[in-house]
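Welcome! Take a moment to look over the sequence and the 3D view, and then we can walk through them together.

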Amino acid sequence: PQANANEYLNDAPWLAIMASAPALDFSFLDVTSLEGLASEEPRGGTSKAGNGGGDQDGDAVAAPTVPEPAAPPTQLKLNNNNLTNLSGLVGGLDAIMWRPVEVLCFLDLSFNQLSEIDGQLGQLTALKVLYLHGNQLPKVGQVARLGRLPALSSVTLHGNPLEQASGYKQQVIAKLPVLKKLDFTAVTRRDREAAETWKRLHPKRKPPSED
């Protein structure tokens, strides 16, 4: 019988989860859109879409959907491509993975051209590790969109313009209360205390009244 998503997430350490199946690797493929992932052949791992190849005229031919394996991939590598946005994220992942919203716990989007932390990432509720370093993300405030991820324990954001913001580290930690690692460095109790201090000293500004 197929393993339940809760068994993947609750009955084993997340490192064991990640080791349970090969990563689905679409890195270094010059991918520009998530909506076209089904037509790409991964560098490693098995895609749900299979590999259609081409017909006698060289036109792409869709392959039959591959049956779900006993241990579907829980890791996805999309690093070192040319993604400028995450439009069609969930649909694109659903075309290449089995139950991505339920089982995807590692996502590498580093070294692309992303200029926004898309709110669609918040739908990937099993996500534990997210790499976003080496992009063009400008605003620390957008990190709050990742606060919807209940299991997110590690995120990378260095190498983005937002890293230059005042109180960058404190702001990120304050917005992600369950975070255990930021930019490959452990979040300590002192870091949490500094984040809480920053939050108290920089309360959210209320929008001006229209009256």
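Which element supplies the largest share of the lining of the largest pocket? The answer is α5, with three residues. Please keep in mind as you read on that this is a predicted model.

## The overall fold

Let us begin with the whole chain. The protein chain has 211 residues, and 42% of them count as buried. Its secondary structure comes to six helices and seven strands. If you follow the sequence from start to end, these elements appear in the pattern α-α-β-β-α-α-β-β-β-α-β-β-α. Among contacts in the protein chain with a separation of 6 or more, 64% are between residues 24 or more positions apart.

## How confident the model is

The mean pLDDT of the protein chain is 85, and 80% of the residues reach 70 or more. Over residues 52-62, however, the pLDDT is below 50, and this stretch has ten contacts in the model beyond near neighbours in sequence. Residues 1-14 also have a pLDDT that stays under 50; for them the model has 25 contacts beyond four places in sequence.

## The largest pocket

Now back to the pocket from the opening question. The largest pocket holds about 430 Å³ of space. Ten residues line this pocket, and the closest to its centre are Gln-171, Lys-175, Lys-199, His-202 and Lys-204. Two helices, α5 (168-175) and α6 (189-201), each supply at least two residues of the lining. By character, the lining residues divide into four nonpolar, two polar and four charged.

## Helices α5 and α6

Which residues of α5 are buried? They are Tyr-168, Gln-171, Val-172, Ile-173 and Ala-174. What covers the buried residues of α5 includes β6 (181-182) and α6.

Arg-192 is a good place to pause in helix α6. Leaving out residues up to four places away in sequence, Arg-192 touches Ile-173, Ala-174, Leu-176, Pro-177, Val-178, Leu-179 and Val-187. Of these, Ile-173 and Ala-174 are among the buried residues of α5. Pro-177 is 15 residues from Arg-192 along the chain, and their C-alpha atoms are separated by 8.5 Å.

## A buried threonine

Thr-156 lies in strand β5 (residues 154-156). Is this residue, Thr-156, buried or exposed? Thr-156 counts as buried because its relative accessibility is 0%.

The side chain of Thr-156 makes a polar contact with the side chain of His-133, at 2.7 Å. Not counting residues up to four places away in sequence, Thr-156 touches Leu-130, Tyr-131, Leu-132, His-133, Asp-183 and Phe-184.

## Two residues with a positive phi

Most residues other than glycine have a negative phi. Asp-183, which Thr-156 touches, has a positive phi of about 55° although it is not a glycine. You will find Asp-183 in the loop between β6 and β7 (185-186). With a relative accessible area of 16%, Asp-183 is buried, because buried means under 20%.

Phe-111 is not a glycine, and it has a positive phi of about 55°. Phe-111 sits in the loop between β3 (106-108) and β4 (129-131). Its relative accessibility is 44%, so Phe-111 counts as partly exposed.

How values were computed:
Residues are numbered from 1 along each chain as its sequence is written. Side-chain values use heavy atoms; hydrogens and water are left out. On a 1 Å grid over the protein atoms alone, a cavity is a set of points where a 1.4 Å probe fits but cannot get out, and a pocket is an open set with protein on both sides within 12 Å along at least five of seven lines; lining residues have an atom within 4 Å of a point. Grid points are joined across faces, edges and corners, and a volume is the space filled by probe spheres set on the points. Helices (H or I, at least four residues) and strands (E, at least two) are DSSP runs, numbered from the N terminus. Ala, Val, Leu, Ile, Met, Phe, Trp, Tyr, Cys and Pro count as nonpolar, Asp, Glu, Lys and Arg as charged, and the others, Gly among them, as polar. Buried means under 20% relative accessible area, exposed over 50%, partly exposed in between (1.4 Å probe, protein chains only). Contact means heavy atoms within 4.5 Å. pLDDT is the predictor's confidence in each residue, from 0 to 100. A polar contact is a pair of N or O atoms within 3.5 Å; within protein, one must be able to donate a hydrogen and the other to accept it, and residues adjacent in sequence count only if both atoms are side-chain atoms.
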